[in-house]
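This report is written for a reader meeting this structure for the first time. It moves from the overall build to single residues.

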Amino acid sequence: MKLAAMLAAALFATAAQAQDSIKIGVITDRVGVSKPYAEPATEGIIFGASELNKKGGVLGRKIELLIEDDQSKPDVSAALARKLIDQGAVFILSVSLSPATQQQQTVTMEAKTPQMTPMNSADYLTTQLDNPYFWQTGPLGSVQIATLLAHAKTKNLKRVALITDNSELGQAINKAFRAGLEKSGIQIVEEEVVSNGSTTATPQMQKIRGANPEALFVAGVVTATNVLIFKSYRELGLKFPIHASYNLSVPIYQTVAKGLVNGITFVDAYDPDKPEVKAFEAAYRKETGHAPANLHGYGYDGIMLVAEAIKKAGAVDKGKIRAAMQSITYAGVMGAKGMKYSFAPGKRTGFDPNGMVVRVYEGDRQGRVIYVGQK
Amino acid sequence: MQDFFELAVGAAASGCVYGLIGLGYLLVLRPTGIINFAVGEWAMLGAFGGFVLLTQYEWPYPLGMAAALAATFLIGWTTERVVVRPLVAKSAPLLAPILALLGMVVVYRETISAIFPPDPMPVPYAFGMGRLEFGAIGGTYQSCFIIGVTLAVFIGVWLFFERTVAGKAFEAVSLHRRAAALMGINLSRVTALSFGAGAVVAGLGGLLVAPNTSAHYLMGVPLAIQGFTALVIGGVGRVEGALLGGLLLALAEQLTVRYAPIPSGYAQGMPLVLLMIFLLLRPTGLLRARA
């Protein structure tokens, strides 16, 4: 309810305030496939805007959020980017699906309007289009996999199994996992797919058990299918360790997979012991009455980076904001301790490749960091 | 062999769920001639009923289960009243209610996606996560529970059709609607009850499988396909055909994944392969209707 009130305050500013406010567009997904990720990130943005406005806003002007829902549909997303720019948005934050964010770029590049995704992980977002008005601070998929594999190397693994779902993203991550494992000289002794909509993963887990791996890598991104895998793992009494993709960092596992995830390691961009995280969690809890998830941190960092860029630009001018953004350095909630977002010359990806962490489930809770970076 | 015995009980449980969904089709199909692809969504509604009553409100399992099934009965009954009956009253062709019910698939799914978060929702096991062992064969408590409940349902439905006057009325309607009406059978009531009963057994399938798969707004379509395939394999002529088809389908699915020398990604196509084989070679299914 408090978040709703904050949103209402952000959206329904008085006419006088609206004229003076700095309008930031947000393209999110409220009903589509990205909703589990986009919704908490958007809440993080709303919270961040509220915090900024309590402190007087940016350059003495309030932040006004213009939030639109693209349902993760790229065509809808591009039209919404145009709408937001027409409504006066000087910056667009994209927290929907990567292809939708990509489609928005066709508009922001033409309209020379700064755009950033604080959470999308697709590697192609800054490489396929040479859009100087676009930045990505979400950790790249390749960085996530490299971090998990760097941790795996410390275990001296020789023989592992790989399992995923049949979603497009699950297959893509599986391919990247396979490539990384093979590059590391680790033998994949069994590779399995669990179809979405299956009622069990026991046959696949039996085959994996038969191959006797030292560890299992879970590349799947469909939560229900991953839960099936973990149930079969427990039912069959398997003991080899499980290393999982960033999908395990979504908070729903703590309720939907009760009793199933203890000991599973997963890659994440959130360190609960980091001072910035502790401050963020305390402030968020005080404001909303409940604890944030890691996904809230992506949105919070996104709006704070935008505010920093506008402050640094010293004016609400898209060209000046673009230049300020490219030279920004900022320590946020996300990333390992000490990590700062920054954009190397010629690069528009701001998440430090050594900023990811590997965490472990302790009971049903997403627990401590056990590995940092790719070294 | 250890793997086979481990799989047998779990596959039988999956087959029972497919059989219940198949029975959901059958109960509507026989008296009305309507193939109702919304049964998968009824299963999804049963699963969400379990989530709300058993997980959120923590009702005792029997009470929560009964209430969830009562709710699905009402949904099935109301669907017939609101969506199907007006079309039948206007003498619309048979295709009209089939298409309208396909539209209801979207209505059910979007309603649930608007009410609940998009994440899979947990539904508790009836008896926890333990295992029962019968010599070499073993299965989880939930698998054994699914098998027991499904057998009870199929026996009950079989007895209803074979041993009761009301069941004979349903049979009469399925044989010849107009003649049944002339014999004084209330067609509207039989049709409404068939939708209600179809929703209950499909909802039961969803409720029983949800502790494994979680309740999710997209869970209906795969179950609808598996239930339909089970019905095609077993045949629409006999109640027990749906169960036989479900069991064969689940065994074929899981044994193919486990033992066939092909990647498990390809093995997932087994239901569609079976569906095509039966439609081409034995479209009446394994069990033919009694003369």
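What follows describes chain A as a whole, its domains, its contact with chain B, the nonpolar core, and then some single elements and residues.

The coordinates belong to a predicted model, and the values below are computed from it. In chain A, the secondary structure comes to 13 helices and 14 strands, and the C-alpha trace spans about 70 × 40 × 35 Å along its principal axes. A compact globule of 375 residues would have a radius of gyration near 21 Å, and chain A agrees with this because its own value is 21 Å. Of the 375 residues of chain A, 57% count as buried. Among the contacts in chain A with a separation of 6 or more, 69% are made by residues 24 or more positions apart.

**Domains of chain A**

The domain assignment divides chain A into domain 1 (2-139 + 273-342) and domain 2 (142-268 + 357-372). The contact between the two takes nine residues from domain 1 of chain A and eleven residues from domain 2 of chain A, while their C-alpha centres lie 31 Å apart. On the side of domain 1 of chain A that touches domain 2 of chain A, the residues divide into five nonpolar, two polar and two charged.

**Where chain A meets chain B**

Between the chains, 26 residues of chain A are in contact with 26 residues of chain B. On the chain A side, the elements giving two or more residues are α3 (35-54), β7 (187-194), α8 (202-211), α9 (223-235) and α10 (253-256) of chain A. Of these elements, α9(A) gives the most, with six residues. By residue class, the side of chain A that touches chain B divides into nine nonpolar, eleven polar and six charged.

**The largest nonpolar core**

In soluble globular proteins, nonpolar side chains tend to be buried together. Here the largest nonpolar core has 196 residues, and the members that touch the most other members are Leu93(A), Val306(A), Ile21(B) and Ala47(B). The largest share of this core comes from α1(B), which gives 15 residues. Domain 1 (2-139 + 273-342) and domain 2 (142-268 + 357-372) of chain A both give residues to this core, so it lies between them. For Val306(A), the contacts beyond its neighbours within four places in sequence are with Ile24(A), Phe91(A), Leu93(A) and Met116(A).

**Helix α9 of chain B**

Helix α9 of chain B (residues 220-234) has 15 residues, which at 1.5 Å a residue should span 21 Å, and the helix agrees with this because its end C-alpha atoms are 21 Å apart. This helix, α9(B), is mostly covered, as twelve of its 15 residues are buried. Among the buried residues of α9(B) are Leu223(B), Phe228(B), Leu231(B), Val232(B) and Ile233(B). The cover over the buried residues of α9(B) includes α1 (2-32), α2 (39-56), α4 (95-115), α8 (187-213), α10 (239-259) and α12 (270-281) of chain B. Just after α9(B), Gly235(B) takes a positive phi of about 100°.

**A glycine in helix α8 of chain B**

Gly205(B) lies in helix α8 of chain B, and this glycine counts as buried because it has 33 C-beta neighbours inside 10 Å. Although Gly205(B) and Ile21(B) are 184 residues apart along the chain, their C-alpha atoms are separated by 6.2 Å. Not counting residues up to four places away in sequence, Gly205(B) touches Val17(B), Leu20(B), Ile21(B), Gly24(B), Ala43(B), Gly46(B) and Leu223(B).

**Two serines with positive phi**

Most residues other than glycine have a negative phi. The table lists two serines whose phi is positive.

| Residue | Phi | Place |
|---|---|---|
| Ser72(A) | about 65° | loop between β2 (63-69) and α4 (74-86) of chain A |
| Ser214(B) | near 70° | loop between α8 and α9 of chain B |

Are these serines buried or exposed? Ser72(A) counts as buried because it has 23 C-beta neighbours inside 10 Å, and Ser214(B) is buried as well, with 24 other C-beta atoms within 10 Å.

Methods: Residues are numbered from 1 along each chain as its sequence is written. Chains are lettered from A and ligands numbered from 1 in the order in which they are written. This is a predicted model: local features need pLDDT of at least 70, side-chain atom pairs count only at pLDDT 80 or more; totals for chains, interfaces and linings use all residues. Helices (H or I, at least four residues) and strands (E, at least two) are DSSP runs, numbered from the N terminus. The radius of gyration is taken over C-alpha atoms; the globule rule is 2.2 Å times the number of residues to the power 0.38. A residue is buried if 20 or more other C-beta atoms lie within 10 Å of its own, exposed if 12 or fewer, and partly exposed in between; C-beta atoms are placed from the backbone. Two residues are in contact if their C-beta atoms, placed from the backbone, lie within 7 Å. Ala, Val, Leu, Ile, Met, Phe, Trp, Tyr, Cys and Pro count as nonpolar, Asp, Glu, Lys and Arg as charged, and the others, Gly among them, as polar. The expected span of a helix is 1.5 Å times one less than its number of residues. A nonpolar core is a set of buried Ala, Val, Leu, Ile, Met, Phe, Trp, Tyr and Cys residues joined through C-beta atoms within 7 Å. Domain bounds come from an automatic or database domain assignment.
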